[in-house]
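Good morning, and thank you for the time on today's agenda. I should like to take you through one model, beginning with a term that the later discussion depends on.

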Amino acid sequence: MIRLERIRVTFHPGSAVETRALCDLQLNISAGEFVTVIGSNGAGKSTLLNVIAGETHADSGRILIDERDVTGWSTARRSALVARVFQDPLAGSCENLTLQENLALASCRGHRRSLRPAVNHDRHNDFRHRIAQLGLGLDHRLNDRMGLLSGGQRQAVSLVMATLNPTKILLLDEHTAALDPKTAAFVMALTDRIVRGLGLTTMMVTHSMRQALAHGDRTLMLHEGRIVLDVAGAARSRMQVADLLQLFEQVRGQALDDDKLLLE
Amino acid sequence: MSLIAFLGAIEAGLLFGLVALGVFISFRILDFPDLTVDGSLPLGAATAATLIVSGVDPYLASLAAMAAGALAGLVTALLNVWLGILHLLASILTMISLYTINLRVMGKPNQALLGEATVFTPFEGLGLPFYWLTPLCLLVLLTLAVWLVNRFLSSEIGLGMRATGANPRMAAAQGIETGRMKLLGIALSNSLVGLAGALFAQIQGGADITMGVGVIVVGLAAVILGEALLSTRTILLAAIGCVIGSILYRLAVAFALNADFLGLQAQDLKLITALLVVIAMSLPGLRRRWRSRRRGR
């Protein structure tokens, strides 16, 4: 279980451009829950993910993962509990390492790294098996450099990398936003399959309201660093994109000028 | 060029192959431009020479030189990782400090090693002339060094180091303490350079405070030359490339100095090396610009 207690993050405090990225945010995510997060630019979505991953440290408040206080932990230390897929397909892997070496890096997440060879026979077979399940034919390209793969392929591999080892929470940061619609749909279907298959606790940030409602089992809407909507269960399944849009306009107090973006 | 001059160039090339491997780890693997080497090479030389003169076994003295080099690298990395000083500046600060340290270690600007036993002494019984012996010993050592560097960079920790240089954000997300990797990598890199210094002093017959000037440029030239000649597809190829690059660089220099019609002299060496690095580093960019201009026409 993930618990955020009165998390406050302020950027550039004391200056003219002071921004409250997160305002005393409270959030409980139960084990196995798949939460989708929406909100306009600057609502605090990315900051929320960064605070959980440890890339941004909160000015005040606490973060607990399974009742363990991880507030002061570095990103590297938290990685034993937190896995992540970035928005930029290039960000989640090293292009100069081979597919296999990237997977080997990920298979050490949460373990102490040793001087043993990173790739061995057992790992090779395991990687081959996992990559074959993607159905992209990449299992024959384990020795290819990551940079030779397309954006969609890299994002699919990033998903495998993030879920290779057990994790307390999987963070997906608009991980289909940089892909073309067809590839995005493939990666999203893959996400559902992996998350449901492993019963992973997941938080997915998205720009698309349709995606936010169609996937997962709970939806949060962020606005100016606060949670303005938190729906799950029957209330959520009754919800349409139009309802969400209306709510969105209400909290913003103005008509949306980027409807298209939000609807895809 | 005489055989002795040729073997001398091979010897110098192999010796600076150690420097090239060190520069490869800092510049290429960690993406950390580290100028500490200009100070850690004479540090290794000074440490080894001083210890040998005071009666320490040359092998122990060379190990101590490696440790001293590692320590120097550690200082640079700590300045960067802990104090947040820009890597380049951090390494310049260490390099300048080492000038004083090296003078302190030797107690004077140079330390001769005339008539002292060196790491090569035990092999003199093999009956080979010295101009064959040293390069052969160095060849064995470099083979071992290349194997070790490749083995290390293929390990779980080594892979973490490569990720730290290539994509620090991803590395942290995979649980790699990127700061610690920099400390380890820069220390490792400078320990190789310290060893090169120790061997240099024992081959040359002494340590000198000025022997480190421009070492970084020579190392970089070797790395770039190696990359141009061999593919960098695997770490092993890249590491072998460093050594071959270093040897070819020395051979080219020897030929240039031997060719009387060029009118080049030993004092022109540093300028030529710098020009070589400038040309090698700007070639890819220039080639791209030239190609796009042609396409635009």
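A residue is called buried here if 20 or more other C-beta atoms lie within 10 Å of its own. Please keep that cut-off in mind for helix 1 of chain A. In that helix, the residues that are buried are K45(A), T47(A), L48(A), L49(A), N50(A), V51(A), I52(A) and A53(A). That makes eight of the nine residues of helix 1, so the helix is largely enclosed by the rest of the structure. Just after the helix comes G54(A), with a positive phi of about 95°.

Before going further, I must state that this is a predicted model. For the complex, the predictor gives an ipTM of 0.88 and a pTM of 0.90. Chain B has an average pLDDT of 92, and 99% of its residues score at least 70. Within chain B, confidence is highest in helix 3, residues 58-81, with a mean of 98. Confidence is lowest in helix 11, residues 269-296, where the mean is 80.

Let me return to chain A and to what surrounds helix 1. What does helix 1 of chain A, residues 45-53, lie across? The answer is strand 1, strand 2 and strand 4 of chain A, and the helix runs at about 65° to strand 2. Those strands belong to an open sheet of four strands, in the order 2-1-4-5, with antiparallel pairing. The edges are strand 2, residues 19-29, and strand 5, residues 68-69, each of which pairs on one side only. Strand 1, residues 2-11, is joined to strand 2 of chain A by seven bridges, and the two run antiparallel. As an example of the register, L4(A) has L27(A) in strand 2 as its bridge partner.

The second sheet of chain A is open as well; six strands in the order 6-7-8-3-9-10 form it, and the pairing is mixed. Here the edge strands are strand 6, residues 82-85, and strand 10, residues 226-232, each pairing on one side only. From one strand to the next, the twist averages 20°. Helix 1 of chain A packs on this sheet too, touching strands 3, 6, 7, 8 and 9 of chain A. The direction of helix 1 makes about 145° with that of strand 7. Helix 1 of chain A thus lies across strands 1, 2 and 4 and also packs on the six-stranded sheet. Helix 5 of chain A, residues 151-162, lies across strand 6 and strand 7, at about 180° to strand 6.

Strand 3 of chain A deserves a closer look. It pairs in the parallel sense with strand 8, residues 202-205, over four bridges. It also pairs in the parallel sense with strand 9, residues 218-223, again over four bridges. In strand 8 of chain A, M203(A) is the bridge partner of V35(A); in strand 9 of chain A, T219(A) is the partner of T36(A). Is strand 3 of chain A, residues 34-38, enclosed or open? Five of its five residues are buried, so the strand is largely enclosed by the rest of the structure. As a rule, the side chains of a regular strand alternate between the two faces of the sheet. In strand 3 of chain A, F34(A), T36(A) and I38(A) are on one side, V35(A) and V37(A) are on the other, and all are buried.

I turn now to chain B. Chain B contains 11 helices and two strands. From the N terminus on, its elements run α-α-α-α-β-α-α-α-α-β-α-α-α. The C-alpha trace spans about 60 × 50 × 35 Å along its principal axes. A compact globule of 297 residues would have a radius of gyration near 19 Å, and the 19 Å of chain B agrees with this. Buried residues account for 49% of the 297 residues in chain B. Of the contacts in chain B between residues at least 6 apart in sequence, 78% join residues at least 24 apart.

Finally, the interface. How many residues of chain B are in contact with chain A? There are 18, and they touch 25 residues of chain A. On the chain B side, helix 6, residues 156-166, and helix 7, residues 168-173, each supply at least two residues. Helix 6 of chain B gives the most, with seven residues. By class, the side of chain B that touches chain A comprises eight nonpolar, six polar and four charged residues.

Thank you; I welcome the discussion.

Notes:
Residues numbered from 1 in each chain as written. Chains lettered and ligands numbered in written order. Rg over C-alpha atoms; globule rule 2.2 N^0.38 Å. Buried ≥ 20, exposed ≤ 12 C-beta atoms within 10 Å, placed from the backbone. Contact = placed C-beta atoms within 7 Å. pLDDT = per-residue confidence, 0-100. Pairing = 2+ DSSP bridges. Nonpolar A, V, L, I, M, F, W, Y, C, P; charged D, E, K, R; others polar. Axes fitted to C-alpha atoms, helices over the stretch in contact; angles between N-to-C directions.
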